[in-house]
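Welcome! Please take a moment to look over the model shown here, and then we will walk through it together.

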2 protein chains.
Amino acid sequence: MTTPVINFTDKFAQFSDLWSPKIIAQMNDYHFKLAKVKGEFIWHDHPETDEVFIVTQGQLTIHLRDGKIELKEGEMYVVPRGVEHKPYADKECWILLIEPAGTVNTGDAGGELTAENDVWI
Amino acid sequence: MTTPVINFTDKFAQFSDLWSPKIIAQMNDYHFKLAKVKGEFIWHDHPETDEVFIVTQGQLTIHLRDGKIELKEGEMYVVPRGVEHKPYADKECWILLIEPAGTVNTGDAGGELTAENDVWI
């Protein structure tokens with residue numbers, strides 16, 4: 001039988017564009033997405049859902065209006081629904097995102113960093 | 001501010017019992033759970049939900065009625081809802097599970113390996 005095992009390293013090797021999450025799996029109505037990020041994203045929130053960040057390589061800062069979260073490889077954080085956040089990575093950082101299918105990366109903020117949200121790899 | 005960063009290594013250091021998932025985070029109505037497993041689990045399924053397995057250390061076999069899935073560190077698999085499966089690990093293996101809050105580890109099968117499903121660490 002085909003074994004649809006998802007190997008993170010293999011999946012990360014399939015793309016290089018930044019701030020453009022790629023879907024690797026679906027669980028019920030949730031998507032698992034990989035992204036490579038570097039530099040500064042924009043302030044945004046997701047009014048309808050929590051959002052999970054897991055760092056698989058590098059370091060990620062998630063700025064919040066009242067502080068910041070520092071994540072390194074092997075760490076995760078749940079951004080609560082409706083909480084404004086601005087991801088930032090000094091050097092390229094690889095992350096796993098988990099959120100409902102259809103969640104847009106820029107939330108309600110929009111703008112030029114808004115990525116397609118239905119790209120599977 | 002308190003930074004509720006979840007570090008997988010730190011969380012795994014907090015328990016040693018096998019086949020007894022510990023909740024580390026909640027995203028909407030889903031739980032993220034860590035478990036240490038070794039040996040053979042039981043055949044069971046979850047009629048209401050898919051279930052995600054991510055291996056963070058070691059190797060895990062998920063037996064299916066029509067084959068088996070072999071997972072190593074950095075790999076994930078989504079067991080579809082209603083699909084019977086039997087996890088197995090030759091040596092101790094550490095995993096991250098993602099599934100709806102309230103999901104019981106033995107599904108509808110029950111039995112002595114049924115763990116409490118509301119233990120947070």
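How many residues of chain B are in contact with chain A? In this predicted model, 23 residues of chain B are in contact with 23 residues of chain A. Several elements of chain B each supply at least two residues of the side that touches chain A: strand S1 (6–7), helix H1 (8–12), strand S2 (22–27), strand S6 (67–72) and strand S7 (75–79). S7(B) gives the most to this side, with four residues. Sorted by class, the side of chain B that touches chain A has 13 nonpolar, seven polar and three charged residues.

**Where the chains meet**

Strands also pair across the two chains. Strand S7 (residues 75–79) of chain A and S1(B) pair in the antiparallel sense over two bridges. If you would like to find this spot on your screen, look for Glu75(A), which stands opposite Asn7(B) in S1(B).

How are the two copies related? A turn of 180° and a shift of 0.0 Å along the axis lay chain B on chain A with an RMSD of 0.0 Å. The copies are therefore related as by a two-fold rotation axis. Both copies use the same surface, as 100% of the contact residues of chain B recur in chain A.

**A look at chain A**

Now let us turn to a single chain. The secondary structure of chain A comes to one helix and eight strands, and along the sequence these follow the pattern β-α-β-β-β-β-β-β-β. The radius of gyration of chain A is 14 Å, close to the 14 Å that the globule rule gives for 121 residues, so chain A is as compact as a globular protein of that length. Along the principal axes, the C-alpha atoms of chain A fill a box of roughly 50 × 30 × 25 Å. Buried residues make up 35% of the 121 residues in chain A. Among the contacts in chain A with a separation of 6 or more, 64% are between residues 24 or more positions apart.

Chain A also has a hairpin to look at. Strand S2 (residues 22–27) and strand S3 (residues 30–40) of chain A run antiparallel and are joined by five bridges. Met27(A) has Tyr30(A) in S3(A) as its bridge partner. Two residues lie between S2(A) and S3(A) in this hairpin, and Asn28(A) in the turn has a positive phi of about 55°.

**Positive phi in chain B**

Most residues other than glycine have a negative phi. The table lists two residues of chain B with a positive value.

| Residue | Phi | Loop in chain B | C-beta neighbours inside 10 Å |
|---|---|---|---|
| Trp19(B) | about 55° | between H1 and S2 | 19 |
| Asn28(B) | near 55° | between S2 and S3 (30–40) | 17 |

Are these residues buried or partly exposed? A residue needs 20 or more such neighbours to be buried. Trp19(B), with 19, therefore counts as partly exposed, and Asn28(B), with 17, counts as partly exposed too.

**The nonpolar core**

In soluble globular proteins, nonpolar side chains tend to be buried together. The largest nonpolar core here has 54 residues. Those with the most contacts inside this core are Phe53(A), Leu60(A), Ile95(A), Phe53(B), Leu60(B) and Ile95(B). What does Ile95(B) touch? Leaving out residues up to four places away in sequence, Ile95(B) touches Ala35(B), Val37(B), Phe53(B), Ile54(B), Val55(B), Thr56(B) and Leu60(B).

How values were computed. Residues numbered from 1 in each chain as written. Chains lettered and ligands numbered in written order. Predicted model: local features only at pLDDT ≥ 70, side-chain atom pairs only at ≥ 80, totals over all residues. Contact = placed C-beta atoms within 7 Å. Nonpolar A, V, L, I, M, F, W, Y, C, P; charged D, E, K, R; others polar. Pairing = 2+ DSSP bridges. Least-squares fit on C-alpha atoms with pLDDT ≥ 70 in both. Core = buried A, V, L, I, M, F, W, Y, C linked by C-beta atoms within 7 Å. Buried ≥ 20, exposed ≤ 12 C-beta atoms within 10 Å, placed from the backbone. Rg over C-alpha atoms; globule rule 2.2 N^0.38 Å.
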